[in-house]
Amino acid sequence: MEYEEAKKKIVEELTKKLKNKSKFYFNDLAKILEAKPRDAKKIVNKLVEEGVLEYWSSGSTSMYGMPGTGKQAHSEGED
Amino acid sequence: MAKHETPMLDQLESGPWPSFVSDLKQQAEKRAKNKEGVEFQIPVDVVEDLLGILELSFKHGRTHWKHGGIVGVFGYGGGVIGRYCDQPQAFPGVAHFHTMRVAQPGGKFYTTKFLRELCDVWDRRGSGITNMHGSTGDIIFLGTTTPQLEEIFFELTHNMNQDLGGSGSNLRTPADCIGQARCEYSCYDTQDLCYDLTQEYQDELHRPAFPYKFKFKFDGCPNCCVASIARSDLSFIGTWKDDIRVDQDAVQAYIGGELPPNAGAHSGRDWGKFDIQKEVIGLCPTECMWMDGKTLKIDNRECTRCMHCINVMPRALRIGNERGLSVFAGAKAPILDGAQMGTLVVPFIEAEAPYTKIKETVIEPLWDWWMEEGKNRERMGELMKRQGLQRVIEVLGVAPDPRMVQEPRHNPYIFWKEEEVEGGFDRDITEFRKHHQR
């Protein structure tokens, strides 16, 4: 999948799901991209680098979200 | 006077043990006096507010920390864990109280200069509170604010040549024993393998894409000083294939009392004369040792590398010469299904740089399997349990080995796959009917 196409797909899908959740596991992203984890990782890394996605970590688990979305981003004044 | 009254925390100091409360109070006082003239970049009273919020949590019986956060340094998805409190007005010093994980030096070899530099950075840009080598093994800096994160990262990497460690769904900071640097039992160079894999798997360390955490730990011998067999998803334990080397003169020196057993480690008390039968031969778990006159004999085929005899008589018995390591997979602490020890998946593999065989035939196939089939927040040991050892062996492409068997099977059913059955599942019905009526 081309990067721009992948980016569009991720943004669309994540925006659609925003009502229910704002943080996603890596596997959720790989599923959206319909790619093997290692291929998906290359795309996801680039999306983070570009600021389309950002990391969220509980300390033990990492998740991905779009910057400025979700309750925490608002409450921490980081959006 | 302390900024916050902390009667409940004060009570914790009353026991006979060292108290973290006393340590925190000492640190709070040190920051308040600031005799060294440190230019604090985060609130001076951070430690006092930490004590205050902890007291409040005791009072309320619930935590006042929020869950996780979105801070980090550019390009890294691990190494920083966002911590925010939900009472920032009352405790502004800990409104942000992020944790940073710093990779520890191999074998935890420090110079005092390096330790001082670490503490100086953290006193200036953080709370000064550290958690050195707890169960994760790495260096943990507790408590700083968001603007300081990049600054600390810059100082660590540019001035001290040290990287952040792993946190979250990443490869965690690999940890190793002191290895061949100081230990004659070490069957491979633990520090070299640990460093090599750390460099090789930078992407896995810093950019999370695993279902959950993943830990490597390296023990040079089965004494397992870093307890890799219990604490890591993939544990590398040194071993040897050939015979234990025996110096019979030294055996006699232990028997005669010229050499102290356990290198004198138990000499603080008089345990009586050394008795090789009682203290070594009789304690061998596989009973593979005996005295033949004045000669110590070992049936090496039965030896399970328990290390007891070598530990008691290190001058007389030495590890073999044909060395490598065993790989154990799937250890974890209890969350689901209780704690698990690692399962032996590779009985022996050579451990020579550049470690291509270890990377390509063990680590990467296991990761590919776990990344594809592991559920969210499922450790590799849980996936192994869910899909069975048979699947692990398929993934690794190794032949089953009796040494992989941990305990007798509980399930009496054997499910054959078609390719395992001669002739497959199709049968010649005419041939069958020759012997069996309808």
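1. Start with B:Phe214: its relative accessibility is 0%, so this residue counts as buried (buried is under 20% relative accessible area, exposed over 50%, partly exposed in between, with a 1.4 Å probe and protein chains only). B:Trp367 is buried as well, at 0%.

2. Some housekeeping: this is a predicted model, where local features need pLDDT of at least 70 and side-chain atom pairs pLDDT 80 or more, while totals for chains, interfaces and linings use all residues. Residues are numbered from 1 along each chain as written, chains are lettered from A and ligands numbered from 1 in written order, and side-chain values use heavy atoms, without hydrogens and water.

3. Over all chains I see 19 aromatic pairs (Phe, Tyr and six-membered Trp rings with centres within 6.5 Å; planes under 30 degrees apart are stacked, over 60 edge-to-face, the rest tilted). One of them is B:Phe214 with B:Trp367, edge-to-face at 5.6 Å between centres and 80° between planes. The two sit 153 residues apart: B:Phe214 in the loop between α7 (202-206) and β6 (216-219), B:Trp367 in helix α12 (residues 356-373), both of chain B (DSSP runs numbered from the N terminus: helices H or I, at least four residues; strands E, at least two).

4. Then look at B:Phe218 and B:Phe236: with centres 5.0 Å apart and planes at 15°, the pair is stacked. It ties strand β6 to strand β7 (residues 234-240) of chain B, 18 residues apart in sequence. B:Phe218 is buried at 0%, and B:Phe236 is buried at 0% too.

5. Ring pairs join these four residues with B:Tyr201, B:Phe210, B:Phe216 and B:Trp370 into a cluster.
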